[in-house]
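The following exercises concern a single protein model. Each task is followed by a solution in steps.

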Amino acid sequence: MRILFVGGEDSLPSDLTALVADMDDSWEVQRAADGTSATALIADSPQDVVVVAPALPDMPVATLLGQVRTLRPETSRIAVFGGQPPARVLSLAHRFLPLPVGEAQLLEAIGSLEELRELLDNPALRERIGQIEKLPSPPQTYIALAHALEAEEETSASDIAQLIAGDPAIAAKVLQLCNSAYFSAGRTITDLRSAVTRLGMSTMRDLVLASEVFAHGGRSDLDRPAMQQRALVASQLARRMLPESSAELGATAALLADIGLLLPGIRDERADPDTQPADAPGHTEAGAYLLGLWGLPMPIIEAVAFQRDPARAGTRSFWVTGAVHVATALAAGEPVREDYLQRTGMLDKLDGWRGHAERLLGIDESQHA
């Protein structure tokens, strides 16, 4: 694992980079004081990860990140910032670390990127995604919401509503979705606090995540409302299939299962192969790689990557990957791998899951009638 730190002592102190170098014998750490020397190093030899300080003495951070993307698109790009990163940096960096950089945060970020490369050992996939001019940005409102909910005892419905209100586009989308027949059961919701109270924190988190993820992307050939609605149905199904301790992981993974379709040049694995570019990466592994760059938990990444063939997952039991396979197949009207369910002892539950899916999809269809 080759790691390049770019910037000065004020934000990336030597003892921090030395800690990273000492953490793992397979981690090769280099340092560059400015963008010019970093560009020369990157041009000379591949890097797996580049960590860039908030400011450089010779060029804007966005300029360096753009050069890294051009020279080494397979390199994972981490930006360090003390506040809100500029819009251009948001579109060029894969992951963000706050100032001051904590040892645990930095080691977790680098370690998880190494784990991602081991799970999806596909250099062509890394290069293809690295070349995309504008990746979907990490869902900032969702991340802030998740942090707020970690301190749930100290977080009120008003606090959550205020956080969502900070992004008017998401607030409008949340209210729109809350007032659909699927969520409102015929009762009009007119304010965000009522939406939070009525829907509950878990469903609200799903709505915010879906609103952010499916609102943007580099492709114009997608039916985004249909994708979003299918994702919400799959999320509800996956949550139902898993014990409480795993329900949130499953719901989030199912919600994000098709995120790879938002990336340009990616093959839709559900579509007719004759209509798809044969050499393009499939949307499941592409989506999983994007989520790994964002820093989502590995069970979610694995579930998204292996949703169409859950037997490839690291665990032999029916867990998050199995639930995402069943939920996304039922939501899309596709066959479920019954042989897999038989091996994991869950086949007898399929009829109940299918019935619940039909009820959810029936509600969904009624709102369009």
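A residue is buried under 20% relative accessible area, exposed over 50%, and partly exposed in between, with a 1.4 Å probe and protein chains only. Helices (H or I, at least four residues) and strands (E, at least two) are DSSP runs, numbered from the N terminus. The model is predicted, so local features need pLDDT of at least 70 and side-chain atom pairs count only at pLDDT 80 or more, while totals for chains, interfaces and linings use all residues. Residues are numbered from 1 along each chain as its sequence is written, and side-chain values use heavy atoms, with hydrogens and water left out.

**Exercise 1. Determine which residues of α12 are buried.**

Step 1. Helix α12 has 13 residues, and the distance from its first C-alpha to its last is 18 Å. This is close to the expected 18 Å, where the expected span is 1.5 Å times one less than the number of residues.

Step 2. Eleven of the 13 residues are buried, and α12 is accordingly mostly covered.

Step 3. The buried residues are T203, M204, R205, D206, L207, V208, L209, A210, S211, E212 and V213.

**Exercise 2. Characterise the largest pocket and its lining.**

Step 1. On a 1 Å grid over the protein atoms alone, a pocket is an open set of points with protein on both sides within 12 Å along at least five of seven lines; a cavity is a set where a 1.4 Å probe fits but cannot get out; lining residues have an atom within 4 Å of a point. Grid points are joined across faces, edges and corners, and a volume is the space filled by probe spheres set on the points.

Step 2. The volume of the largest pocket is about 1200 Å³. Its lining comprises 37 residues, of which I143, A146, H147, W294 and G295 are the closest to the centre.

Step 3. Helix α7 gives the most to this lining, with seven residues. Elements that each supply at least two residues include β5 (95-98), α5 (103-119) and α12 (201-213).

Step 4. By class, the lining of the largest pocket has 20 nonpolar, ten polar and seven charged residues. Here Ala, Val, Leu, Ile, Met, Phe, Trp, Tyr, Cys and Pro count as nonpolar, Asp, Glu, Lys and Arg as charged, and the others, Gly among them, as polar.

**Exercise 3. How many cavities of 30 Å³ or more does a search of the whole structure find, and what lines the largest cavity?**

Step 1. The search finds two such cavities, and the largest cavity has a volume of about 70 Å³.

Step 2. Its lining includes M227, R230, D258, R270 and T328. Helix α13 (224-241) supplies the largest share, four residues.

Step 3. The lining of the largest cavity divides into eight nonpolar, one polar and three charged residues.

**Exercise 4. Describe the surroundings of A32 and D48.**

Step 1. A32 is in strand β2 (residues 28-32), and counts as buried because its relative accessible area is 2%.

Step 2. Contact means heavy atoms within 4.5 Å. Leaving aside residues up to four places away in sequence, A32 touches L4, F5, V6, G7, S37, A38 and L41.

Step 3. D48 is placed in the loop between α2 (35-44) and β3 (49-52). This residue is buried because its relative accessibility is 11%.

Step 4. With residues up to four places away in sequence again not counted, D48 touches M1, R2, T75, S76 and R117.
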